[in-house]
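I opened this entry to keep track of what I looked up in the coordinates, one topic at a time. I begin with a strand pairing and widen the view from there.

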Amino acid sequence: MANVPADLKYTKEHEWAKREGDRIRIGITAYAQEQLGDVVFVELPKVGGKVIAHQAFGVVESVKAVSDLFAPVSGEVVEANAELPQKPETVNKDPYGKGWMIVVKPSNAAEWEQLLSAPQYEKFVAEAAH
Amino acid sequence: MPVGALTGPERGWSTEALVDTSLKRTPLFDAHVKAGARMVPFGGWEMPVQYAGIIEEHRAVRTSVGLFDVSHMGEFEAEGPQALAALQSLTTNDASALDIGQVQYSALCYPDGGIVDDLTVYRLGGDRYMLTVNAGNIDKDWEWVTSHAGAARWRNVSGETALIAVQGPRAEALVGRLAERDVTAIGYYRFAHGAVAGVRTLISRTGYTGEDGFELYVAAGDAARLWSALLESGRPDGVAPIGLGARDTLRLEMRYALYGNDIDATTNPLEAGLGWIVKSGKGSFIGRDAIEKVRGTGPTRRLIGLEMAERAVARHGYPVVKDGTPIGIVTSGSYGPSVDRYIAMAYVATPHAAVGTEVGVEIRGQVKTARVVKTPFHPSRTKK
């Protein structure tokens, strides 16, 4: 079973979300990077842009696959990981740390409550594997 | 990032269809699963796409040695006094030039010059040949060769034959250690018979990576024994099992065509850069007239190598543009681990095919700059 930190929230599209005060940091899960394989390209939105929950905000590509990144919550992008486009392999090496994608200032607090807890996500992944 | 989207653009890489029980398995299936490989459907087969990771596996082949299970590929034997005539009428290359023990890269073409398949032809004996064809084309090719050159005695030995490729700078040392005969004497595109790890093997100095190495043809029942002997004996060489993912990036860096991606029924050998395997002087063969017509006028498009100016993955089917006008289409593309560049193969209209030409590749609605470059992208190190 892939690493699923207990203090994060998750989506069924395999993004994680971490509350940091009034902001939310977003990335993809260890399971997601494992499924993708070697990440060779990351495209992120610019700071100041808007993201909408359940809609694509960026793209991650591995050697064999192209995948959209989906926003766990709506809001304004206040930070984007400028290092990732230069070092896409960071997503594989440290998906919950240096491999983060964006930080969002959320516009709808209710969306946070709808995200999966760690045990819920773990169960979801286990079921998806069968 | 939906798991449903965790699929490649090339056909057959989907990770979703694993429940499809109609997929065929090679004799090494259990060994792959035990080694932790990710299995995916490819050309009707359930094959390992990666073990440790595509880039790591790619590097292992370039720096030491890798093992590939390519048992999904098909093998046909043609025998008898009519065998050579059959091959001469079916294939574009000149099979009469083959010595016993020699291999030739060739193609089967339709009358309009489109490609049925690309293949290698082995001269096993005076009037005995073996053809190695692409896995996804076995049924189509079998129907084609037996219906167009039925005078030869044909045998489809695909099911009883396993094929293990050993590729990389340490391949000769590894195979040499296990072989009863001196494999250093086997030249490029030559083969010999001999036991490897006690298994009867056709040892062929061929491959699809641009590295020195061998392709070992064995009976299906012996494949697992040979595979584990190679892994065991190759440990000091840094041997690694290699999946189809790295097989694809390795061949892309060499600009080797992949049937279904870069060549198919709608492409002719000349535009694909395969004029060197078309020997029209040998006499009549299926497709010759159409190909010669193209040779007369020159192909209207050419398969070229592209290097992206920035980080961007050009993939199969993406449009190639020049000043806003479509001029071609990408057939294969990836990050090339050994060249550390984003590279692609594409058909472009002949006026734009010269090395150095700047073009654009349209990726998700955005045009990214690319340049036509010399190929192979990475220098070949096959034995000469």
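**Entry 1: a sheet and its helix.** I started with strand β4 of chain B, residues 74–79, and found that β4(B) pairs with β8(B) in the antiparallel sense over 4 bridges. Within that pairing I noted that B:E79 has B:R153 of β8(B) as its bridge partner. I kept in mind throughout that this is a predicted model.

I then asked which order the strands of this open sheet take. The 5 strands of chain B run in the order β5-β6-β7-β4-β8, with antiparallel pairing. At the edges I find β5 (103–109) and β8 (153–156) of chain B, and because each has a single partner strand, one side of each is left without a neighbour in the sheet. From one strand to the next I read an average twist of 30°. Helix α3 of chain B, residues 83–90, packs on the sheet and touches β4, β5, β6 (115–125) and β7 (128–133) of that chain, and I recorded that the direction of α3(B) makes about 130° with that of β4(B).

**Entry 2: the chain as a whole.** For chain B I counted 8 helices and 19 strands in the secondary structure. Does the radius of gyration need a comparison, and what would a compact globule of 384 residues have? The expected value is near 21 Å, and since chain B has 21 Å, the two agree. Along the principal axes, the C-alpha atoms of chain B fill a box of roughly 60 × 50 × 40 Å. Of the 384 residues of chain B, 51% count as buried, and among contacts between residues at least 6 apart in sequence, 66% join residues at least 24 apart.

I also looked up the domain assignment, which gives chain B a domain 1 made of 3–71 + 160–253, a domain 2 at 74–154 and a domain 3 at 301–373. Between the C-alpha centres of domain 2 and domain 3 of chain B I noted 34 Å.

**Entry 3: the nonpolar core.** I wrote down the general expectation that nonpolar side chains tend to be buried together in soluble globular proteins. Here the largest nonpolar core has 150 residues, and B:I164, B:V166, B:L226, B:L306 and B:A314 are those with the most contacts inside it. Strand β17 of chain B, residues 341–349, gives the most to this core, with 7 residues. I followed B:L226 further and, leaving aside neighbours within four places in sequence, found B:L226 in contact with B:I164, B:V196, B:A197, B:V199, B:L216 and B:V218.

**Entry 4: a covered helix.** I went on to helix α2 of chain B, residues 54–63, which is mostly covered, with 7 of its 10 residues buried. Which residues of α2(B) are buried? They are B:I54, B:I55, B:E57, B:H58, B:A60, B:V61 and B:R62. I see the buried residues of α2(B) packing against β2 (45–50), β3 (66–69), β9 (161–167), β13 (240–241) and α7 (244–253) of chain B.

**Entry 5: strand β16 and its partners.** In strand β16 of chain B, residues 325–336, 9 of the 12 residues are buried, so I describe β16(B) as largely enclosed by the rest of the structure. On one pairing, β15(B), residues 319–322, runs antiparallel to β16(B) over 4 bridges, and B:K322 stands opposite B:T325. The two strands form a hairpin with 2 residues between them. In the other pairing I counted 8 bridges between β16(B) and β17(B), which run antiparallel, with B:S334 opposite B:I343. This second hairpin has 4 residues between the strands, and B:D340 takes a positive phi near 50°.

**Entry 6: backbone details.** Where does B:D323 lie? I place B:D323 in the loop between β15 and β16 of chain B, and I note a positive phi of about 50° although B:D323 is not a glycine. Because B:D323 has 7 C-beta neighbours inside 10 Å, B:D323 counts as exposed. B:R364, in the loop between β18 (358–363) and β19 of chain B, likewise has a positive phi, near 50°, in a residue other than glycine. I listed B:R364 as exposed, with 11 other C-beta atoms within 10 Å. Lastly, I noted that the peptide bond from B:T375 to B:P376 is cis, with omega near 0°, and that B:P376 is in the segment after β19 (366–373) of chain B.

Methods: Residues are numbered from 1 along each chain as its sequence is written. Chains are lettered from A and ligands numbered from 1 in the order in which they are written. This is a predicted model: local features need pLDDT of at least 70, side-chain atom pairs count only at pLDDT 80 or more; totals for chains, interfaces and linings use all residues. Two strands pair if DSSP finds at least two bridges between them. Axes are lines fitted to C-alpha atoms, for helices over the stretch in contact, and angles run from 0 to 180 degrees between N-to-C directions. Two residues are in contact if their C-beta atoms, placed from the backbone, lie within 7 Å. The radius of gyration is taken over C-alpha atoms; the globule rule is 2.2 Å times the number of residues to the power 0.38. A residue is buried if 20 or more other C-beta atoms lie within 10 Å of its own, exposed if 12 or fewer, and partly exposed in between; C-beta atoms are placed from the backbone. A nonpolar core is a set of buried Ala, Val, Leu, Ile, Met, Phe, Trp, Tyr and Cys residues joined through C-beta atoms within 7 Å. Domain bounds come from an automatic or database domain assignment.
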